[in-house]
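Student: Could you take me through one part of this model closely, and then show me how it fits into the rest? I am new to reading structures, so please explain each term as you go.

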Amino acid sequence: MTDSEIEITADLVRELLQEQHPDLAGLAIREVAGGWGNQMWRLGDELAVRMQRMAPTPELQLKERRWLPVLAPRLPLPVPTPVRIGEPSARFPKHWTVMTWVHGEPLDYTSISRGDHAADTLAGFLRALHVEAPAEAPTMSDRGAHPKKCTDGFEKFLQGVAPGGIAADVRAVRAVRAVRAVRAVWDDAVAAPEWEGPPVWLHGDLHPANVVVSDGTLSGVIDFDAMFAGDPAWDLAAAWVLLPSGAASRFFDVYAHADETTIRRARGLAAMKSLFLILMGQAGDRGLPGGKPTWGPAGRAALDRVLAA
């Protein structure tokens, strides 16, 4: 096996804990479904072990270790924060981190029933997060910039999904209209002016698998390995990607810091993110590696909200 193909088991996690954090080795260990670059294991009731898996380099975990302790104290929702560091070893030559566990069910497995509360909660969370980032904050080469720099990615996603995935189970003419509508949303985002403010802190990857829900509303935000500084529109796309129908308007009223051009960019980015979710769902339905069956319905619902806005 190559490093990226190391089988991560409960026994391996326990052995690593015994070697580096023996006081935690007696806690119950349970695998957590999902994960991509990292695999999660629940550790007792309040902790989790985040194991570097497919991520080719440790930068994503090191970024979470460096910045989450800085950001978490000012955020109004629970987020995972590092409590112990796991170093590469002969037994496991990659990084791993013990983090706090964020209670709730991932949104791709459930739904939000309290839309107004969720809109207020998400707006408050992003207002607290979206402050000017320091010069040394991480950046991303493929995210955080104006949508016009992501046109190739949008076209790839659109061609991969269209026409059946956008307008499933309807006549072809309606599918073609749906494709045109999605492209119109994207073109409007590309035509919108660029962000003129300073780069702000962003979660960077807000989609249904990266937030958790309790009592019908948002109760936590997870998976910050994509965090970076950039245009807030990248996170504001969550108004359509996460919230139920009709909640986006309330969200922007409460957020209160997004002008019309930022909302246009955010809506286009929401369309692109929705297409990606649909593609990942299709891959999951076909049993392809990395596919996520629960993401397809979430992506189609999100795209419906984008087109209805």
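**A close look, starting from one helix**

Tutor: Let's begin with Asp 188, which sits in helix α5, residues 172–191. Helices (DSSP runs of H or I, at least four residues) and strands (runs of E, at least two) are numbered from the N terminus. Please keep in mind that this is a predicted model, where local features need pLDDT of at least 70, side-chain atom pairs count only at pLDDT 80 or more, and totals for chains, interfaces and linings use all residues. Residues are numbered from 1 along each chain as its sequence is written, and side-chain values use heavy atoms, with hydrogens and water left out.

With a relative accessible area of 32%, Asp 188 is partly exposed. On this scale, buried means under 20% relative accessible area, exposed means over 50%, and partly exposed lies in between, using a 1.4 Å probe and protein chains only. Asp 188 also has a partner from elsewhere in the sequence: its C-alpha atom is 7.7 Å from that of Arg 265, although 77 residues separate them along the chain.

Now let's move to a pair of rings. Trp 67 and Trp 201 form a tilted aromatic pair, with 4.9 Å from centre to centre and 55 degrees between the planes. Rings of Phe, Tyr and Trp (its six-membered ring) pair if their centres lie within 6.5 Å; planes under 30 degrees apart are stacked, those over 60 are edge-to-face, and the rest are tilted. Trp 67 belongs to helix α2 (residues 59–71) and Trp 201 to strand β7 (residues 200–202), so the pair ties together parts that are 134 residues apart in sequence. Trp 67 and Trp 201 are both buried.

Trp 201 leads us on to Val 131, which is found in the loop between α3 (115–129) and α4 (151–161). Between the C-alpha atoms of Val 131 and Trp 201 there are 5.9 Å in space, against 70 residues in sequence. Leaving aside residues up to four places away in sequence, Val 131 touches Arg 74, Pro 199, Val 200 and Trp 201; a contact means heavy atoms within 4.5 Å. Val 131 is partly exposed, at a relative accessible area of 32%.

A second place for rings is the cluster that ring pairs make out of Trp 240, Phe 251, Phe 252 and Tyr 255. Trp 240 lies in helix α7, residues 238–241, and counts as buried at 6% relative accessibility. Beyond residues up to four places away in sequence, the contacts of Trp 240 include Phe 252, Ile 263, Ala 302 and Val 306. The C-alpha atoms of Trp 240 and Ala 308 are 9.9 Å apart, with their positions 68 residues apart along the chain.

Two loop residues deserve a look at their backbone. Most residues other than glycine have a negative phi. Asp 215, however, has a positive phi near 55 degrees; its place is the loop between β8 (211–214) and β9 (217–221). Asp 223, also not a glycine, has a positive phi of about 55 degrees, and it lies in the loop between β9 and β10 (228–230). Asp 215 counts as exposed at 68% relative accessibility, while Asp 223 counts as partly exposed at 22%.

Finally, let's step back to the whole chain. It contains 10 helices and 10 strands. Its radius of gyration is 20 Å, close to the 19 Å that the globule rule gives for 309 residues, so the chain is as compact as a globular protein of that length. That radius is taken over C-alpha atoms, and the rule is 2.2 Å times the number of residues to the power 0.38. The C-alpha trace spans about 60 × 40 × 35 Å along its principal axes, and 51% of the 309 residues are buried. Of the contacts with a separation of 6 or more, 71% are between residues 24 or more positions apart. The ring pairs we visited belong to a wider set: a search of the whole structure finds 7 aromatic pairs.
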